[in-house]
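Please open the structure in your viewer, keep the sequence panel beside it, and follow the stops below in order.

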Amino acid sequence: MAASTLVDDYDLYINGSWVKPESGRYAVVDPATEAVIASAPDARVAQVEQAIAAARTAFDTGPWATATPHERSRCLQQLSDALLAHGDEIYALAQTEWGCTANERLIHVDGPAFMAGHSAELALEPAEAPMDAWGAAGTTLLRYEPLGVVAIITPWNFPHTLNVMKVGAALAAGNTVVLKPSPLTPLAGLALARIIHDETDIPPGVVNVVTPTGIDASKALTLDPRVDMVSFTGSSAVGREVMSGAASTMKRILLECGGKSASVLLDDVEVTDELLERLLFEGCTLHAGQACILNSRLVVPAALHDEVVTRLADLARAVTVGNPADDGVDMGPLISREHLERVEGFVRRAESDGAKVVAGGGHPENHSEGFYFEPTILTDTSPDSYIAQEEVFGPVLTVLRYDGDDEAVAVANNSAYGLGGAVWGADIERAVGIARRIRTGQVSINGTIPGDAPFGGFKQSGIGREGGVMGLRAYMEPKAIGVPA
């Protein structure tokens, strides 16, 4: 597979074959240059239904659902090996389709290959075991079975990572899938299909990839009764629509949605340059702020506020914004012009509401093309303000003051979301106590990110968990069998 072939004019991938689109093609644009890099196949509702039918047949009568755990594991390990082997080609695609910079390669490229390998390990998890059952006369077997057909709907910000994570878990559980990537990053999903087709023994119909632009074609995945589960990552607003559509046939759902996570500095923390650089990256510049897990609210003791803001602003101004293909670039572009205008609108509204822009706030002067926005630090705003409540999904960090631990927790919890968060302090026991009080799915203490742990959110950040054995079981249905003594 040559490096150039991952950026290609693909067809739809249905039932192990490349199928010409019936609704024409659409342009795929490099957000760093605004150049058209390829065209992607649009899909009519009928072609999405064709992919669903292929997945349904592959599950009901094909070999995947009845394959041994070792056979599924072998195929997923083939995928992991192929993704590792083609890491440079995937990185080139990531740079040009969604703006992946060198300091993000592990997240966007190498990490997914290891995720596929972990899925190969999860495929070997025992699916049936005796359980302790109160009052049972015999033995109770707890058995986990695949759900069936899983519709996977992924966003444009971490397309390859999320495609691999969801497809890997669904396949490890024994399901078949229809993957629908975002129309802004369709090549990521189609390139994954090519690698699966060319370099694994995953049977036809087990993985299908469709890239429609139409809402009706996308909705078919949530409404069609042949689909047993919808696994979705994206905005909370669209997540609610997915949930509503899935309810029509009581599909199982896994929703990983938006976030407005808080990073809390305790008053005993040592404010080092290393800490501030990490706060800026994890709260503002990581993938140009286009990450639901971003700690985009920085909650700071009043006594430290001015120092932290001044030093963060200096760091933000020093960030090199540019084309990810160029050397020395720290932060790439936003995904589209529409999204750029949306992010800029958030900052202008914050200013009109009284917030102060202490760094950034606009387009870099040295870029006439590409969808770039400066790393932006905002302060002098309240926890209830629009900018502190709404997910910007851009390189915008809002700094909020507090007095006392109780107020820090109250500010952190003052959100409709609850996906991530962080606490930084010298007293670990105190920091853990704060973390326990924050209503969110994951919290890191002093940069210690949870390992192979369930990932997901509280409140409007979603339903269910991904990752590890709990994430595997999300793609399965438990069955209890009573066996006489």
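Throughout this tour, two residues are said to be in contact, or to touch, when heavy atoms of theirs lie within 4.5 Å. What you have open is a predicted model, in which local features need pLDDT of at least 70 and side-chain atom pairs count only at pLDDT 80 or more, while totals for chains, interfaces and linings use all residues. Residues are numbered from 1 along each chain as its sequence is written, and side-chain values use heavy atoms, with hydrogens and water left out.

**The whole chain**

Select the entire chain before going to any detail. With 485 residues, a compact globule would have a radius of gyration near 23 Å, and the chain agrees with this because its own value is 23 Å; the radius is taken over C-alpha atoms, and the globule rule is 2.2 Å times the number of residues to the power 0.38. Turned along its principal axes, the chain has C-alpha atoms that fill a box of roughly 65 × 60 × 40 Å. A cartoon view should show 15 helices and 22 strands, where helices (H or I, at least four residues) and strands (E, at least two) are DSSP runs numbered from the N terminus.

Of the 485 residues, 57% count as buried; here buried means under 20% relative accessible area, exposed means over 50%, and partly exposed lies in between, with a 1.4 Å probe and protein chains only. Among contacts in the chain with a separation of 6 or more, 72% come from residues 24 or more positions apart.

**The seven-stranded sheet**

Next, select strands 12 to 16 together with strands 18 and 19, leaving out strand 17, and look for an open sheet of seven strands with mixed pairing, in the order 14-15-16-13-12-18-19. Strand 14 (356-359) and strand 19 (444-445) stand at the edges with a single partner strand each, so one side of each is left without a neighbour in the sheet. Two strands pair if DSSP finds at least two bridges between them. At the strand 19 end, strands 18 and 19 run parallel and are joined by two bridges, and there V423 has I445 of strand 19 as its bridge partner.

**Helix 9 and the residue that follows**

Now select residues 273-285, which make up helix 9, and show the side chains of its buried residues, L275, L276, L279, L280, E282, G283, C284 and T285. Their cover includes helix 10 (302-317) as well as several strands, among them strand 12 (262-265), strand 13 (297-301) and strand 16 (396-402).

Moving along the chain, stop at H287 in the loop between helix 9 and strand 13. Its phi is near 45°, a positive value in a residue other than glycine, and at 2% relative accessibility H287 counts as buried.

For a contrast, select M250, in the loop between helix 8 (236-246) and strand 11 (252-256). M250 also has a positive phi, near 55°, yet M250 is exposed, with a relative accessible area of 65%.

**The hairpin of strands 3 and 4**

Go back towards the start of the numbering and select strand 3 (residues 25-29) with strand 4 (residues 36-41), an antiparallel pair over five bridges. Within the pair, A27 stands opposite S39 in strand 4. Six residues lie between the two strands of this hairpin, where E34 takes a positive phi near 70°.

**Three residues and what they touch**

Which residues does N323 meet, leaving aside its neighbours within four places in sequence? N323 sits in the loop between helix 10 and helix 11 (337-352), is buried at a relative accessible area of 18%, and is in contact with A32, T33, V329 and Y372.

Then select T213, in the loop between strand 9 (207-209) and helix 7, which is partly exposed with a relative accessible area of 40%. Not counting residues up to four places away in sequence, T213 touches Y26, D42 and P183. A C-alpha to C-alpha distance drawn from T213 to A43 should read 7.4 Å, although the two are 170 residues apart in sequence.

Finish at S218 in helix 7 (residues 215-223), a buried residue with a relative accessible area of 17%. Again not counting residues up to four places away in sequence, S218 touches K180 and P212.
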